[in-house]
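Please open the model in your viewer and keep the sequence panel beside it, since the tour moves from one selection to the next.

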Amino acid sequence: FCAINQSLASGKTIARKRPAQLAAVAKAAVELDGVRHMVMTTGTPQTPDRGAAILCESAAAVTAAVDLPIQAQCEPPDDDRWFSRLKHSGVASLGMHLEAVTDSVRQRIMPGKAQVPLSRYFSAFEAAVKVFGHG
């Protein structure tokens with residue numbers, strides 16, 4: 001699913017991009033290349049917020065530097081209050097991707113994501129739609 005380990009091994013990326021770094025790159029991308037939207041993702045951190053905290057910090061830094069719609073992607077956080085926090089930090093849309101719904105397949109191909117129960121995905125989808133709207 002994700003090639004971050006290969007990119008890290010080849011020296012083409014760093015493990016964690018800081019909010020200020022993302023803001024600087026986003027500003028340059030808009031000004032120099034005409035970029036019109038940004039997608040930020042966290043991978044599958046083993047924290048209760050599932051990466052929502054760093055997404056909030058990063059989105060706030062980017063939107064303070066440049067007018068750029070941001071789609072954030074993370075696993076469902078344990079607390080639905082993160083959806084409002086994400087929205088208020090500058091996230092325009094949110095993706096919580098559920099690639100497979102069969103537990104045995106989930107365990108085999110995405111063991112990190114499989115730690116989040118399907119029931120949590122569905123309750124998180126419902127809660128997030130109340131904040132971000134449909135689509």
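**A helix and what covers it**

In this predicted model, begin by selecting helix 2 together with strand 1 (38-41) and helix 3 (52-65), which are among the elements that cover the buried residues of helix 2.

Next, within helix 2, show the side chains of Pro 19, Leu 22, Ala 23, Ala 26 and Ala 29, each of which is buried. These residues lie on the same side of helix 2, because they cover an arc of only 130° around the axis. Such a pattern suits the geometry of an α-helix, which has 3.6 residues a turn, so residues three or four places apart point the same way.

Then turn the view to the face of helix 2 directed away from its buried side, where the exposed residues Ala 20, Val 25, Glu 31 and Leu 32 are carried.

Now select Ala 26, which is found in helix 2 (residues 19-33) and counts as buried because its relative accessibility is 4%, with the cut-off for buried being under 20%. Leaving aside residues up to four places away in sequence, Ala 26 touches Met 38, Val 62, Val 66 and Leu 68. For a view across the chain, add Gln 107, which is 81 residues from Ala 26 along the chain and whose C-alpha atom is separated from that of Ala 26 by 35 Å.

Finally, pick the end C-alpha atoms of helix 2, which are 20 Å apart, in agreement with the 21 Å that its 15 residues should span at 1.5 Å a residue. Just after helix 2, stop at Gly 34, which takes a positive phi of about 70°.

Note on methods. Residues numbered from 1 in each chain as written. Predicted model: local features only at pLDDT ≥ 70, side-chain atom pairs only at ≥ 80, totals over all residues. Heavy atoms only, no water. Helix = DSSP H or I, 4+ residues; strand = E, 2+ residues; numbered from the N terminus. Buried < 20%, exposed > 50% of the residue type's maximum accessible area, 1.4 Å probe, protein only. Contact = heavy atoms within 4.5 Å. Expected span 1.5 Å × (residues − 1). Arc of directions from axis to C-beta.
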